[in-house]
Amino acid sequence: MADSQASDFENLQIGDPLGPEHRFVGKQHTKLFCAAAHMEAGRFTDDETARSQGLPAAILPGNMSLSLLTKLLTDWIGDSNARIVRLGTTYRSPVITEHTLTLQGFVTHTNSEERTAETDLWIENEDGDRLVIGTATVHFPARD
Amino acid sequence: MVEYDPALIGRVFEETEPQPVTAEDISRFCESIGDTNPLFVDAAAASAGPYGGIVAPPSFAVSFRNGRHFFTFVPRFGSTGFDAGKDVEFVAPIRPGDEIRLASHVKEIYEKTGRSGSMVFVIIRSTLRNQKDEVVAHIDHRFMSKA
């Protein structure tokens, strides 16, 4: 689980952190993901195949990056019964396997009428390069 | 300006056969991203949760494959192209026992000029529906080509 969790909507603050979560992603992980997501493994599990397609080495599928950011959100949501309404991702640079990635984000805006929180999210490598960036909207139901 | 047949926009070019969802599929997907959230993998805990049973993690929606015509009908505007990102609207949870089908159409085509030159973006929208014909998600795939 991530190091941070959403509190009740009423206690959310702009700047509240999501994560950070540090995780090593190797080819064994991309292989599992490709099998679970019905994707051809190719450039996601084999460096030579990736290089033949102009990539520096095997990379994470974009859908895996999206899924890891979604997990960052659901970990943050915890047992608050909130739900993700939308998530947008932009793949800025290939995410190379066999590296430790940091996933994190923060709350950028809250809407008390709609009970939603807007968040910025990203995945960065060991050099601090933001390889994948995203935004998400999370809805917190009214309490009974 | 990028040129394309305007009749492309909005026309559904792909509709897949229903793809069944099992608890094992969801469990395998969770394992692949290290997700141990009980709402997704623990039937007893999930039954006491907000959905009354196991649901798939939201990003499970992107695991449904488009059919064989998908890349045939995605317009191409250059020799190189890649997946630039996705926008996903999560409408309803996906549950074990659901049967999900996708319908896809070209939503938008636009051109941008950046530091590395002109780029063409093609947005393909896939709408996922369950066996009750309820929309569970919209996924906008953003493909970028260098013109």
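How many residues lie between strand 4 and strand 5 of chain B in the hairpin that they form? In this predicted model, the two strands of the hairpin are separated by 2 residues. Their pairing is antiparallel and extends over 13 bridges, with strand 5 of chain B covering residues 117–129. Within this pairing, Thr113(B) is placed opposite Ser118(B) of strand 5.

Strand 4 of chain B, which spans residues 99–114, is also joined by 3 bridges to strand 1 of chain B, residues 12–15, in the antiparallel sense. Here Val12(B) has His105(B) of strand 4 as its bridge partner. A further antiparallel pairing, made through 2 bridges, links strand 4 of chain B to strand 2 of chain B, residues 19–20, and in this case Gln19(B) is matched with Ile100(B) of strand 4. Strand 4 of chain B is thus paired with strand 1, with strand 2 and with strand 5 of that chain.

Considered as a whole, chain B contains 4 helices and 6 strands, arranged from the N terminus in the order β-β-α-α-α-α-β-β-β-β. Its C-alpha atoms occupy a box of roughly 55 × 30 × 25 Å along the principal axes, and 33% of the 147 residues of chain B are classed as buried. Among the contacts in chain B with a separation of 6 or more, 73% are made by residues 24 or more positions apart.

Chain A, in turn, has 3 helices and 5 strands, which follow one another from the N terminus as β-α-α-α-β-β-β-β. The box filled by the C-alpha atoms of chain A, taken along the principal axes, is roughly 55 × 30 × 20 Å, while 42% of the 144 residues of this chain count as buried. For chain A, residues 24 or more positions apart provide 63% of the contacts with a separation of 6 or more.

The contact between the two chains draws on 22 residues from chain A and 22 residues from chain B. On the side of chain A that touches chain B, helix 1 (27–36), helix 3 (62–77) and strand 2 (83–91) each contribute at least two residues. The residues of this side comprise 10 nonpolar, 10 polar and 2 charged. Strand 2 of chain A also takes part in strand pairing across the chains, being antiparallel to strand 3 of chain B, residues 81–90, over 5 bridges. In the arrangement of these strands, Leu87(A) faces Val88(B), a residue of strand 3 of chain B.

Conventions
Residues numbered from 1 in each chain as written. Chains lettered and ligands numbered in written order. Predicted model: local features only at pLDDT ≥ 70, side-chain atom pairs only at ≥ 80, totals over all residues. Contact = placed C-beta atoms within 7 Å. Nonpolar A, V, L, I, M, F, W, Y, C, P; charged D, E, K, R; others polar. Pairing = 2+ DSSP bridges. Buried ≥ 20, exposed ≤ 12 C-beta atoms within 10 Å, placed from the backbone.
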